[in-house]
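I opened a new notebook page today to look through a protein structure. Here is what I looked up, one stop at a time.

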Amino acid sequence: MFLSDSHCHLQYYPSGNNLPYNVNDVVSDSIKNNVRCMLSVSVKLDDFKNFKIRSDLRKYIYFSCGVHPLMIDKNINFDVLLKASNSKDIVAIGETGLDYQRNCSSEDMDFQRFSFLEHIKVAKKLKKPIIIHMRNSFEDVYKIVREEGLEECGAIIHCFTGNKYQAKIFLDLGMYISFSGVVTFQNSHEVKSSAKFVPMDRLMIETDSPYLSPVPLRGRMNKPSNLTHIADCVSSIKNIDISVFTTKTTENFFRLFKNIPFHQINL
């Protein structure tokens, strides 16, 4: 069984073959390292449209459509989001959610909540899972997902850095939880505790590349091929054989992102 990167940003790697970290080499390297399914997550509406890669590598990559909460243009037309997300190439909505970074104004927070709700409407209408970004915003994210109910479309909290209490709340709502390279950091005790707590049928892993390189590669540009380090770390935390861990997390990936026909993938 192969590993599946549930959240990366392949649009950030250059497409020119003579450039370092070009996207073709990044994806090829990932395949060699048994990372054979990559969900390239949009942060702007046109990310997936502008993506370029060699045709022989395209079958390993899937796309979401959405606008990151810190990249929302207040003139955005959410009908465009709906139309773009209705493409068969789009298997998920997002990333969206709430990011209450330092100096975030109340007006910005209000518009983030509005945008989050609009993304949820699209996810429900198209019955495609929603990818949720959450930073310094647990209470508001929880309030929205509890009131909206995401059972009909499915949802995942990506790059989870919360505690076991927060994890349980989202698990009780039927959501999946994904861990990034943060779980490998030396001082990430709470995240490690959460990873141990989340049951294997709700757990996924991601690189969030090109960000958050795991130990022992901190300080370098992250790549989906580095997912192996995260898998080794979390399987060790959970005391689960790596082959079982790989199988379970990939099964979870295809269970949530159900628009990807697992049985048809020629890997």
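My entries below go from helices to cores, then to the surface and the backbone.

**Entry 1: what I am looking at**

I note first that this is a predicted model.

**Entry 2: helix 4**

Which residues of helix 4 are buried? I looked along residues 138-148 and found Phe 138, Val 141, Ile 144 and Val 145 buried. Viewed down the helix axis, these buried residues fall within an arc of 140°, so they line one face of helix 4. A reminder to myself: an α-helix has 3.6 residues a turn, so residues three or four places apart point the same way.

Next I asked what covers the buried residues of helix 4. The cover includes strand 4 (90-99), helix 3 (106-126), strand 5 (130-135), strand 6 (155-157) and helix 5 (164-172). After helix 4 comes Gly 149, and its phi is positive, near 65°.

**Entry 3: helix 6**

I then went to helix 6, residues 189-197, where Val 191, Ser 194 and Ala 195 are buried. Why do I put them on the same side of helix 6? They cover an arc of only 100° around the axis, which places them there. On the face turned away from that buried side, I found the exposed residues His 189 and Lys 196. Helix 5, strand 7 (176-179), strand 8 and helix 7 are among what covers the buried residues of helix 6.

**Entry 4: the cores**

Which residues touch the most other members of the largest nonpolar core? That core has 70 residues, and the answer is Leu 10, Ile 132 and Phe 170. I followed up Phe 170 and left out residues up to four places away in sequence. Phe 170 touches Met 134, Phe 138, Val 141, Tyr 142, Val 145, Ile 157, Phe 160, Met 175 and Ile 177. I recognised Phe 138, Val 141 and Val 145 from my list of buried residues in helix 4.

There is also a second, separate core of 16 residues, and its members include Cys 37, Leu 39, Val 91 and Tyr 176.

**Entry 5: a patch on the surface**

On the outside I looked up a nonpolar surface patch of about 350 Å². Tyr 12, Leu 70, Met 71 and Tyr 211 make it. I picked Tyr 211 for a second look: it is found in the loop between strand 8 (203-205) and helix 7 (227-237). Its relative accessible area is 41%, so I wrote Tyr 211 down as partly exposed.

**Entry 6: cis peptide bonds**

Where did I find cis peptide bonds? One runs from Gly 94 to Glu 95, with omega near 20°, and Glu 95 is found in strand 4. Another joins Val 215 and Pro 216, with omega about 15°. Pro 216 is found in the loop between strand 8 and helix 7.

**Entry 7: positive phi without glycine**

Lys 127 has phi near 55°, a positive value in a residue other than glycine. I found Lys 127 in the loop between helix 3 and strand 5. Cys 159 is not a glycine, yet its phi is positive too, about 50°. Cys 159 is found in the loop between strand 6 and helix 5.

Are these residues buried or partly exposed? Lys 127 is partly exposed, with a relative accessible area of 47%. Cys 159 has a relative accessible area of 14%, and buried means under 20%, so Cys 159 is buried.

Notes:
Residues numbered from 1 in each chain as written. Predicted model: local features only at pLDDT ≥ 70, side-chain atom pairs only at ≥ 80, totals over all residues. Heavy atoms only, no water. Buried < 20%, exposed > 50% of the residue type's maximum accessible area, 1.4 Å probe, protein only. Helix = DSSP H or I, 4+ residues; strand = E, 2+ residues; numbered from the N terminus. Arc of directions from axis to C-beta. Contact = heavy atoms within 4.5 Å. Patch = residues over 30% accessible without salt bridge, like charges linked within 9 Å, V, L, I, M, F, W, Y side chains within 5 Å. Areas by Shrake-Rupley, 256 points an atom, 1.4 Å probe, with all protein chains shown as cover. Salt bridge = Lys/Arg side-chain N within 4 Å of Asp/Glu carboxyl O. Core = buried A, V, L, I, M, F, W, Y, C linked by side-chain atoms within 4.5 Å.
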